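Colleague: Could we go through this model together? I should like to begin with its surface.
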Amino acid sequence: QVQLVESGGGLVQAGGSLRLSCAASGSIFSIDTMAWYRQAPGKQRELVAAITNTGYTDYTEAVKGRFTISRDNAKNTVYLQMNSLQPEDTAAYLCYTRVRPRPGTWYDDYWGQGTQVTVSS
């Protein structure tokens with residue numbers, strides 16, 4: 001099993017910044033993609049940003065230029081630096097990762113519990 005521990009959410013005023021962290025631990029041989037999703041009340045879960053094990057990144061259009069995803073492979077940790085936050089960024093942010101638990105096995109998908117980000121106007 002793999003555990004994901006998220007941190008860094010909170011309440012911030014519009015224009016402010018937050019940095020989210022998500023650390024993976026447990027049965028891990030290798031990690032493929034790590035990503036952040038978000039879900040606001042009454043809305044579908046959406047991909048915010050993703051990063052592969054080679055460092056390729058992808059962002060949803062709404063956050064390009066404001067958010068930056070990065071990872072520390074030695075620590076099995078993914079980060080999301082969020083700048084110029086706006087009220088529409090308010091949501092629960094969930095960490096996602098694809099983990100190969102042992103050599104020769106396929107990847108499994110894991111989700112964190114979520115961390116709340118609230119942006120006041």
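Colleague: What area does the protein chain expose, and what share do carbon and sulfur atoms supply?

Modeller: The protein chain exposes about 6400 Å², and carbon and sulfur atoms supply 47% of it. Accessible areas come from the Shrake-Rupley method with a 1.4 Å probe, and for residues only the protein chains shown count as cover. This is a predicted model: local features need pLDDT of at least 70, side-chain atom pairs count only at pLDDT 80 or more, and totals for chains, interfaces and linings use all residues. Residues are numbered from 1 along each chain as its sequence is written, and side-chain values use heavy atoms, with hydrogens and water left out.

Colleague: How many helices and strands are there?

Modeller: There are 0 helices and 11 strands; helices (H or I, at least four residues) and strands (E, at least two) are DSSP runs, numbered from the N terminus.

Colleague: Is Thr-33 buried or exposed?

Modeller: Thr-33 is buried, at a relative accessible area of 17%, where buried means under 20%, exposed over 50%, and partly exposed in between. Thr-33 belongs to strand β4, residues 30-39.

Colleague: Which residues does Thr-33 touch, beyond four places in sequence?

Modeller: Among them are Ala-50, Ile-51, Tyr-96 and Arg-98; contact means heavy atoms within 4.5 Å.

Colleague: What about Met-82, again leaving aside neighbours within four places?

Modeller: The contacts of Met-82 include Leu-18, Leu-20, Phe-67, Tyr-93 and Val-117.

Colleague: What percentage of the residues count as buried?

Modeller: Of the 121 residues in the protein chain, 41% count as buried.

Conventions: Buried < 20%, exposed > 50% of the residue type's maximum accessible area, 1.4 Å probe, protein only.
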